[in-house]
Each structure stands twice: as C-alpha cells, then as structure tokens.
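Student: I should like to take a close look at one part of this model, beginning with a single strand and following the connections outward from there. Could you please guide me through it?

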Amino acid sequence: SEGLVAAMPHNSNKEFEHGHANALAPMPGTTVTPDSDEITASTATEQDGSTKTGHAAPAGSNALQASLERVRVDASEQALTSNQGVAVGTNQHSLKAGLRGPSLLEDFILREKITHFDHERIPERVVHARGSAAHGYFEAYDALTKYTRAAPFAKKGKITPVFVRFSTVLGERGSKDTARDARGFAVKFYTDEGNWDLVGNNIPVFFIQDAMKFPDLVHAAKPEPHHGMPQAAAAHDTFWDFVSLMPESTHMLLWLMSDRGIPRSYRMMQGFGVHTFRLINKQGESIFCKFHWKPLMGTHSLVWDEAVKISGADPDFHRRDLWEAIESGEFPEWELGLQLFTEQQADAFSFDVLDATKLIPEELVPLTPVGRLVLNRNPDNFFAETEQVAFCTAHIIPGIDFSNDPLLAGRIHSYVDTQISRLGGANFHEIPINAPLASVQNNQRDGMHRQALHRGRVAYEPNSLAGGCPFQAGASGFASFPEPLNADKVRGQPEKFAEHYAQATLFFDSQTAVEKEHIAAAFRFELSMVNVPAIRKRMLSSLVNVSAELAKGVAAGLGMDVPEAMPRACNQPQPPEVTLSPALSLRALPGQCGIRSRKVAVLIEDGVDHVSLRTLYDALLEAGAVVHFVGPRLGIFVGSAGEQIEANKSMENAPSVLFDALLVPDGSTAIQALAGHGHTMEFIKDLFRHCKTILALGAGQKLLEMAGIALSMDDDEGVLLAEAADAATVAAAFIKAIAAHRHPSIDSTAATA
Ligand code: HDE
C-alpha cells in the first residue's frame, strides 16, 4: 500500500529555490501588482525607465522584486571568478615557490579571497540585533483620504510593497529566539511617494518617557559589562536595579512579564507603532493616530517552561517558523487598525498621549480597520536584506507626521545616525533593500560607497544651468503640521507623565486568572535571578502600587514579606476612563485561522495501526496542519499490515516543545515499543504540561497513562481519547482542540512545572 510520509508543501512564488531552472528570472508579479499609473515617476535627467537604484520599476511587475532583481546573482553554469571577473583556474591551492616552498605575496587571488573574508562582518544593531524578515505587501481596504494624503491609503485596493523585520531586543545577533523580551515589528513601506518606516514593537507601551533615558535603559538591560552576562535576558541585577528606580517602566514590565514576552510565533503577535502620530489630509487638517497590527492567526504565546526548552532544542524557533510558513505558501497576515482621535479628545484623557508608557484603551478609542499586511516572499539573502535593511523613524511621507512625544523625538535622530556606523556611511539609502522605489533626486553628493552616477555639473540649488532641477515640490511635497507653539525652553515633563501605575493596574486586572498566574511567576523567576535583596524589595514595593494580589504572589514565591508601597510621584491622579479592557488579555482574542501551519507530531514505531492513522493524517492535512512522523529514530517503520511510514523527525532531534499537538496512534506492538524508549515519556509529559492538545487512539491511551496522565480527563478538551474505529469522527474534535492553542483547564500547572 502507499507509504505515509510527511507532506512538505512549497511556495510557488519561490519555485526557483526548489530547483526551478530559470533561477535568475524575477518571480511573477501576480502577488503584488502596483497600479501602473502610480509607479511611473521618471527622472528629470533620465527618461529611459531603467531599473537603477532610485528609479521607477517597470509597470506591471512586482515593483520591489524588480528593484532587487538588478542585484540578484546566480552562479548556475558560471565559472568561478575573482571580484574583477577574472576566471579562477584553481580554488584549492595558493601560489608557492615550489610545492613545499613559501607562499608568494603576488598571489592576488588568495589575498583577495582572504581580505574579503576578513571584512565580512559589520557591527550588529545596538539593540534588536537578532531578527528575521520577509517581503510582502500592504493593501488598503478603502481610501482614507478624509484623514490622510499618505500614498498607501490613496484608494481602495491600493497595493504597496513592504519589507518587514521582526526582532528580539536584548540578545546579540546569534542569540535564541524565545527569550523573554519585547519583539520588534518594523515595516518598511516602499510607497510611490517615498519610503515610510513604521518601526514598532509587539507591546504598545515602552519603558521610558524621554529619549534622554534610552542609553541608560539599554546599558542596564544588556549583558553586564564586566562579564558579559546574561545573554538575551533581563533577569539580572542591573536591569531590575534600573527599572525599580524608574517607576514609569512598571506598565511595560507588566506586559513583558506577561505571556506577550514569549510569543509562539512572529506570525502570532500584534504590532504597535507605540507613539502617537499625526495624519494630515490634502486640506492640511490633522488628526492624531496610533497604529495597531492584529495577526489573523490570533495572538498566541509560549509558556515559560516551553520557551526555555525550545531555546535549547531550536534557538531559531521563530526564524524557522516564519521562513517555513512563507516557504510553504502559508502567508502570514495582519490587519492594520488605527485609533483616530482629536487634539480636544486627547486633552481630556486622564493620561498624556505624548507619554509612550501609556496606551489608549480600545474601549476609549476603538480601532478603525484600514488595510491588511501580507508576507509572501522570503528574502534571497539574509545579509543583503535582513541585516542591511535600515529602518528609521525619520522615514515618513507626506500625510504622516510626528507628535511631540519626547521619546519619538530621540528616535527620529537615533535610527539614521546608527545606520551610518552600522552600514558604513551616509549612503546606506542606496543599498538595494533600502532604496526607495520612488525616484531620488537631490544635490547630496559623494560619501563612502556612492552608487548613483549623477550627471552634469550642477549639484546646488538654486541653479539656472540645470533649469532649476531638481526643483522644490511645493504643495505636493512633505509638509510638517504647522502646530502653533508658544512655550518656554525647559527641561521637564508634563504633569500627567508623573502617574505611573493606573495602566499597569488596568493591564493586570484585565487578565484571566491563568494569565495573572503567569505574570506573577515571571516576576518571581526574574527577581529570583537578582542577587541584591534590596533590589528585589524595591521592585516588590513598586508592585504593591499595581496590585496587592500581584505583590503578594511574587513576594511569597521569593520567600519575602510584602513591603510598604513605594511612594508615588503623583498622589491624586485623574481617575482612569477604563478599568477593565478585555483587549489586553491574550485569552480574550481567539484566532480565526483554524490549524493552518500548526505542527502536529505523530509518534510512530513498527506496528502502528495504519488505517486510523491515514484517516487522521488526511483530515489534518486537509485542515492545513503540518504533520510530522516522529520516531525513536529517522527512517522507515512498518505498520501493522505491512505499510511503510517514514519518520522525518526523531524524538531526539525534535522534542515535543517544537509541536503544537500530539497524536498517539493505535497498535499495541508499537505502543509497547514506544514505551521502551527513553524519550517517549518526556515527549508526552512536556506536551501535556504545556497544555497542548493530545489525541490517543486505542492502545495509544496506555502510553498516556504510563506518562501519568489521568485518563479520567477524557472530558477535558485538551486530552482526547478514541478507539481507532472512531478516527474519522474524532478528527473534527481534534482539529477544534488544536485551534484553541492551549487548554486553560490544565494550564495553571504550566508556568511552575
Ligand atoms: Fe528602537 N532603536 N529606540 N525602539 N527599535 C533601534 O536602530 C532607539 C524604541 C525598534 O528591525 C536602533 O537600526 C531609541 C521604541 C525596533 O532593524 C537604534 C529609542 C520602539 C528596532 C534605536 C528607541 C523601538 C529598533 C538599533 C528611545 C517601539 C529594530 C539599530 C528614544 C516603538 C528595527 C537600529 C530593525 C532599533 C534607538 C525606542 C523599536 C539604536 C534612541 C519605543 C523594532 O537606533
């Protein structure tokens, strides 16, 4: 009979990476077809529509692909050459005076190769060093011209190419993906009016209110400077010393200690622009705005024990997840929602909208959905694209403007500045991944690594020799909102900035019981890694202001008494408008994506019942899941009626933390054999402990019993039991249970397990 193998679908957009012959050809433009009338801008000096950096992409193809296509390199059927294009005869031996003689200085081929190698590394990002990225597009649901003249929102259905990079914050470039940390969510829109970078995080607030404190925050959070530890972790003295002395960080700490700090996948996180921005329409009218990305797959997280184990089993967990999903045609998608509010509304809020440690509850200003973001193509080259992409908050376009958020002000400077040292000079905008699709014309010249060949003798304005070109765009160019200002020059902050706890309390109170437990457990773990007792105590005294319940829980876990509350900077804050916000709880936002791309492990051994397995396998594939056959070793196993089943994973190379669900098949010989392997019990127990869905068929139920799982739990939605004959009927329940992500009824053990 036909053998069972794990199905590995692939992304037809990337066919050439799966052995397609014409590897150099650009991929078809069907996924992103920019409006041809909107990307036709040519330049004053060149009318030839070439695809040089900064020039218009040919209409009707994927604009972003076309702009990168000119730099794509493919070596198939090519000879090896030096950097000067000289064919290299042998790549094995250096040039020597005699076979046993000294190597010769004239060996330019060796020297070029080694010299280039010596300079392969560039500085990593100061923060957000570790990241993963993908190409895609943004599609506007409708024209948003009432509020903004920004190009991506110009009309219904408008497509704008994007490049999106997700990242951790604290770890170095090679650190693990599943650290407890905030995640970066940076989107570069290649609009036809220039590049717009929306450089956000998966948490809607930040630690500090003023850019002045950013270097202090990062120095405190990064590995301690004397011994360089810990890597990719905030669980150490200097971080907690700093934040316990900076009560404004409390709200962000609550988010970070919640399960949001350990996302299941980049595809399952929200994104936030964090700061208040302005939208400006053609008439020059402005409205305040906050940007929110919501994943279609729902927002899901790991549990701590799982995150710790994944970091050992697969430090690239999130990178691999994103890559594999896109490669298999499961294109992740987010909806962009805006919170739009007027200056008058803002003035009346109990908090200041210029304070990045505060969010605007969705109950106060609901989200207006305006478009969707789809990621549908992996980069060709990690370094050229993911590493060299330069996101800068200063990159905004007509129709969007900054607010006076003092944290944002520092960012507007910092990002451009940091690229200059990271990417080696002021021309980083010419690196293909950073080059706008819109035409670039100005009188800036020269600098390291200049690519553009500016023609003519004019590099100044005003001029008459070049007919005044490039000319000022006037009303169609970027214009800042003319906000009237009449103020003293001071170092200080607005009064409402002094209130630090109301929204931390709102966040905590809005969580479900399980989420609250996880927050307390995370604080307990982090503070248990702090060696100086006074720091722990200070942090606890701050938590008393958030919630007595939380402070009590954390203190008990540390074997400490609850201290006095930390004195507040603001004793009579304005009462908050919202005291409960379900949108802040992960459990309140169900996914809509079923089980597409979810990973299901099937334990196999010789003697498994093939018939029932095939039924479930087909049902799972039909529902879009990725099924892996996990054996005590790789290779072929033989089913009870002689069928062949190939294990593509082993319990050794793929422990159960890497899967979303488990199917234990029927077949008493197989179950007996599985019971004899060292990894089996751990595999099952971890899945159970992490509250994921398990289905055991027939004899497979025995294995659960041996792993200490009480079969009386069979009415629990997370552990399903059935006879092999009922495989077809139980399939739907299994799929529904996997879609629930985790099962709260057994969840409370997870954080502490
Ligand atoms: Fe960043 N941040 N940041 N940040 N940030 C950087 O820029 C900075 C802040 C964020 O995938 C750096 O290119 C300052 C908030 C992301 O390439 C640097 C301040 C938010 C990324 C920098 C902040 C972010 C960065 C390091 C306070 C969420 C990665 C390398 C005033 C809204 C982008 C680089 C990518 C990266 C400075 C605070 C998000 C040093 C000075 C708030 C997603 O310029």
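Tutor: Let us begin with strand β14, residues 644-647, in what is a predicted model. Along this strand the side chains take turns: I645 and A647 point to one face and are buried, whereas Q644 and E646 point to the other face and are not buried. In a regular strand, side chains alternate between the two faces of the sheet in this way. Here "buried" has a precise sense, namely that 20 or more other C-beta atoms lie within 10 Å of the residue's own.

Strand β14 has a partner, β13 (residues 635-638), and the two pair in the antiparallel sense over four bridges. Within that pairing, V638 stands opposite Q644 of β14. The two strands form a hairpin, with five residues between them. In the turn of this hairpin, G642 has a positive phi of about 85°.

A parallel arrangement can be seen in an open sheet of six strands, whose order is β15-β12-β11-β16-β17-β18. The strands at its edges are β15 (649-650) and β18 (719-722); each has a single partner strand, so one side of each is left without a neighbour in the sheet. Strands of a sheet pair through backbone hydrogen bonds, either parallel or antiparallel. One pairing to trace in the picture is that of β16 (residues 661-664) with β17 (residues 693-697), which is parallel and runs over four bridges. There, V664 has A696 of β17 as its bridge partner.

We may now turn to the nonpolar core. The largest one holds 179 residues, and those that touch the most other members are V600, V602, I604 and I694. Helix α19 (residues 727-739) gives eight residues to this core, the largest share. Leaving aside residues up to four places away in sequence, V600 touches L620, A625, V627, F659, D660, A661, L663 and I738.

Another region to find in the picture is marked by a record. The unreviewed UniProt entry places the feature "domain: Catalase core" at residues 81-469. The end C-alpha atoms of that span lie 42 Å apart, and the span is 22% helix and 19% strand. The unreviewed UniProt entry also places the feature "active site" at H128 and N201. These positions are spread over 74 residues of sequence, yet they cluster in space, with a largest C-alpha distance of 10.5 Å.

H128 is found in the loop between α2 (108-118) and β1 (131-140). It counts as buried because 22 C-beta neighbours lie inside 10 Å. Its contacts, not counting residues up to four places away in sequence, are S167, V169 and G184. N201, by comparison, is in strand β4 (residues 194-201). N201 also counts as buried, because it has 23 C-beta neighbours inside 10 Å. With the neighbours up to four places away in sequence again left out, N201 touches residues including G184, F185 and F272.

H128 appears once more around the ligand. The shell there consists of 25 residues, and the closest are R125, H128, G184, A211 and G410. The elements that give two or more residues to the shell are β2 (159-168), β3 (183-191), β4 and α10 (406-422). Of these, α10 gives the largest share, seven residues. By class, the shell has 12 nonpolar, 10 polar and three charged residues.

Note on methods:
Residues are numbered from 1 along each chain as its sequence is written. This is a predicted model: local features need pLDDT of at least 70, side-chain atom pairs count only at pLDDT 80 or more; totals for chains, interfaces and linings use all residues. A nonpolar core is a set of buried Ala, Val, Leu, Ile, Met, Phe, Trp, Tyr and Cys residues joined through C-beta atoms within 7 Å. A residue is buried if 20 or more other C-beta atoms lie within 10 Å of its own, exposed if 12 or fewer, and partly exposed in between; C-beta atoms are placed from the backbone. Two residues are in contact if their C-beta atoms, placed from the backbone, lie within 7 Å. UniProt positions are given in the numbering used here, feature names are shortened, and annotations may be inferred rather than shown by experiment. Two strands pair if DSSP finds at least two bridges between them. A residue is near a molecule or strand if its C-beta atom, placed from the backbone, lies within 6 Å of it. Ala, Val, Leu, Ile, Met, Phe, Trp, Tyr, Cys and Pro count as nonpolar, Asp, Glu, Lys and Arg as charged, and the others, Gly among them, as polar.
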